[in-house]
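Let's take a walk through a protein together, from its overall layout down to single residues. Keep the viewer open as you read.

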Amino acid sequence: METSTFIPAPAERVWEVLQDQRRMRRWSPETWAQLFLPRRLAPGQLSVNLNKRKAFIWPTLSRYVAVEPPELLAFRVYGPGARWSYRLEPQDGGTRLVLRRDLLGGRRTLISRVIATLALGGIEEHDDELVVGMDRTLDAISADVTVRGA
């Protein structure tokens, strides 16, 4: 699953915004709360998250697996067995920001299938919702970059 947006700013400026992962609560429609251990973004950093869809709230645990400024930020989410990544690619005087979700092993874990089926409207519906949420997340990051650069 992948989506991207063009941001008319250099990758270094996009990275300055993206690295502040505490903003994810504002950027992502599914992220409700987060706690980072330790607070400084680095490979191995843990993130305890609460996600929300309508009245359903569920926890996840993530570990940052790649922090490579200003090119790549990636984390693994335990439970659903997914790797989320942000790739920053220089393009036409700006940056193409690519957000991608890869399922580890190429398939969903049992727990993610059960939660998606029972609480998130079904697997396909939740995937469709995730793509919309990914686009909203990229739009919010782009807006923050634009505000910061103004």
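What follows goes from the whole chain to a few buried residues and then to some backbone details.

A word on the ground rules first: this is a predicted model, in which local features need pLDDT of at least 70 and side-chain atom pairs count only at pLDDT 80 or more, while totals for chains, interfaces and linings use all residues. Residues are numbered from 1 along each chain as its sequence is written, and side-chain values use heavy atoms, with hydrogens and water left out.

Let's begin with the layout. The protein has 4 helices and 7 strands; here helices (H or I, at least four residues) and strands (E, at least two) are DSSP runs, numbered from the N terminus. Read from the N terminus, the order of elements is β-α-α-β-β-β-β-β-β-α-α. The radius of gyration is 15 Å, close to the 15 Å that the globule rule gives for 150 residues, so the protein is as compact as a globular protein of that length. That radius is taken over C-alpha atoms, and the globule rule is 2.2 Å times the number of residues to the power 0.38. Along the principal axes, the C-alpha trace spans about 45 × 30 × 30 Å.

How much of the protein is buried? Of the 150 residues, 43% are buried, where buried means under 20% relative accessible area, exposed means over 50%, and partly exposed lies in between (1.4 Å probe, protein chains only). The exposed surface of the protein comes to about 8,100 Å², and carbon and sulfur atoms supply 54% of it. Such accessible areas come from the Shrake-Rupley method with a 1.4 Å probe; for residues, only the protein chains shown count as cover. As for contacts (heavy atoms within 4.5 Å), 44% of those between residues at least 6 apart in sequence join residues at least 24 apart.

Charge is worth a quick look too. The protein carries 22 positive and 18 negative charges, and their mean positions are 8 Å apart. Lys and Arg count as positive and Asp and Glu as negative, with His and the chain ends not counted; each charge is placed at NZ of Lys, CZ of Arg, CG of Asp or CD of Glu.

Now for single residues, starting with Y86 in strand β6 (residues 82-91). Y86 counts as buried because its relative accessibility is 3%. Setting aside residues up to four places away in sequence, Y86 touches a long list of partners, among them L18, M24, F75, L99, L138 and I141. Y86 also makes a handy reference point for distance: V17 is 69 residues away from Y86 in sequence, and their C-alpha atoms are 12 Å apart in space.

Turn next to T31, which sits in strand β2 (residues 31-37). With 14% relative accessibility, T31 counts as buried. Its side chain makes a polar contact of 3.3 Å with that of S28. A polar contact is a pair of N or O atoms within 3.5 Å; within protein, one must be able to donate a hydrogen and the other to accept it, and residues adjacent in sequence count only if both atoms are side-chain atoms. Beyond four places in sequence, T31 touches M24, R25, L50 and N51.

D144 belongs to helix α4 (residues 123-149). This aspartate is buried, with a relative accessible area of 17%. Not counting residues up to four places away in sequence, D144 touches V17, R23, R26 and W27.

V67, in strand β4 (residues 56-68), is buried at a relative accessible area of 19%. Leaving out neighbours within four places in sequence, V67 is in contact with W15, L41, A42, P43, L72 and L73.

Finally, have a look at the backbone. Most residues other than glycine have a negative phi, and most peptide bonds are trans. The peptide bond from L37 to P38 is cis, with omega near -15°, and P38 is in the loop between β2 and β3 (46-53). Another cis peptide bond joins P69 and P70, with omega about -10°; P70 is in the loop between β4 and β5 (72-78).

Which residues have a positive phi without being glycine? K54 has a phi near 55°, lies in the loop between β3 and β4 and counts as exposed at 68% relative accessibility. D92 has a phi of about 45°, is placed in the loop between β6 and β7 (94-103) and is exposed, with a relative accessible area of 73%.
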